[in-house]
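Please open the structure in your viewer and keep the selection tool at hand, since this tour moves from one selection to the next.

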Amino acid sequence: MSLEPAGSRSLDPHLRRYAARAAGMTASEVRALFAVASRPEVVSLAGGMPNLTALPLDSLSGEVANIISKDGLVALQYGSAHGLPELRDQICEVMAIEGVSGHPDDVVVTVGSQMGLDMVTRIFCDPGDVVLAEGPSYVGALGTFAAYQADVVHVAMDDEGLVPEALREALAAAESAGRRVKFLYTIPNFHNPAGVTLAVPRRAEVLEICRQHNVLVVEDNPYGLLGFDGQTYPALRSMDPDNVVYLGSFSKTFAAGLRVGWVLAPHAVREKLMLAAESATLCPPTLNQMIVSRYLATHDWKGQVKSFQSAYRDRRDAMLAGLEQHMPAGCSWTVPSGGFFVWMTVPEGVDTKAMLPRAVTARVAYVSGTGFYADGFGSRQLRLSFCYPTPERIQEGVRRLAAVLAAELELSRTFGPVNQRPASGPQVPGPDIA
């Protein structure tokens, strides 16, 4: 029996069956352009894809074959939702570099850290609850919060990361309105998309503010080991283990395609996460965990991280040089000390979302800033990724983008500025905008 009124037709006959929370799931405009942006003639400065060319693929293939031949009956079988014990031990060794002294029992291995964020949101947020997040914030996080019908309130950042006074004001405003703030979601190191890092003196202040207001901190740290100056920052979790849930991933420091991440949580929270993990995936893939564990045990993974740091530093430098050389007056951008991204602001009169199709026509792609806000802002911003193309391709992509932007500014001067309308809600990331 049809659920549609008589005489009506819908492109989606299941439209009235969806849960209310499905209304918050909207697709990124970049996903629609992905097939075009991934063409070889297009320089994509959009994707947050790690550059894997430095990985020792020959030796890794031998290790994988060895796992299958010797331990295949374990590697290809169901496992625990908790994750392999040996991998959880190794994860604690990785986190110790940033001062975290977690116990392996409090680590839950996930299918990428995105799964960890989904589980944390699921166990803490009811519809209408407030999540605080930097403005801008990671597009995948905004999609998760929208899917669970949580309301995002953005907290301002500057060149030293999240602004503590803005955090105080956001918490006070929520409390005066009688709203429940469940947690602060933050990317303290080499922020996605802003590229900035939370200053060390601010870290203790941010944690103390959240303590005072009884607000949990969710620390998302996929880029923490990818600093360009050799400096490793203390994890927020290392400073307040009882009130910080830490999300980690091997996607940026090893292989994104294996989808191995983890959550380190206070012990009581870990129990809830285990239940959420079991209901979501039953267990993370054992083979993928064994590959990561074998890599950590048999390869110079710290040396590999250093090679990534060097490669990304060269790419960052190429992007900054290109921006300085080619961009029209009135543009500004962040100068990241690690990670994958530069956050750029364009002059008044240009809408980066409206400009994107014209940029792709000119064979260059980026991500519009509107995707990184839940409240409609970001039309004058864009995210540029330097992690994947070669330095030469990056500079060519920046040159093409500058030409497109110059044309937009000329149109604005001739016909007046574009109406910069707010975007309608958060956007779900496509495969190229992690």
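Select strand 14 in this predicted model and show its side chains: Gln381, Arg383 and Ser385 point one way from the strand, while Leu382 and Leu384 point the other way, and all of them are buried. In a regular strand, the side chains alternate between the two faces of the sheet. Five of the five residues of strand 14, which covers residues 381-385, are buried, so the strand is largely enclosed by the rest of the structure.

Next, add residues 341-345 to the selection, which form strand 11 and pair with strand 14 in the antiparallel sense over five bridges. Within this pairing, look for Trp343, which stands opposite Arg383 of strand 14.

Now select residues 367-368, which make up strand 13 and pair with strand 14 over two bridges, again in the antiparallel sense. Here Ser368 has Leu382 in strand 14 as its bridge partner.

Finally, select the whole protein and zoom out, so that its 14 helices and 14 strands come into view. The C-alpha trace spans about 65 × 55 × 55 Å along its principal axes, and the radius of gyration of 22 Å agrees with the value near 22 Å that a compact globule of 434 residues would have. Of these 434 residues, 55% count as buried. If you colour the charged side chains, you will find 37 positive and 45 negative ones, with the centres of the two sets lying 6 Å apart.

Terms used: Residues are numbered from 1 along each chain as its sequence is written. This is a predicted model: local features need pLDDT of at least 70, side-chain atom pairs count only at pLDDT 80 or more; totals for chains, interfaces and linings use all residues. Side-chain values use heavy atoms; hydrogens and water are left out. Helices (H or I, at least four residues) and strands (E, at least two) are DSSP runs, numbered from the N terminus. The radius of gyration is taken over C-alpha atoms; the globule rule is 2.2 Å times the number of residues to the power 0.38. Buried means under 20% relative accessible area, exposed over 50%, partly exposed in between (1.4 Å probe, protein chains only). Lys and Arg count as positive and Asp and Glu as negative; His and the chain ends are not counted. The place of a charge is taken as NZ of Lys, CZ of Arg, CG of Asp or CD of Glu. Two strands pair if DSSP finds at least two bridges between them.
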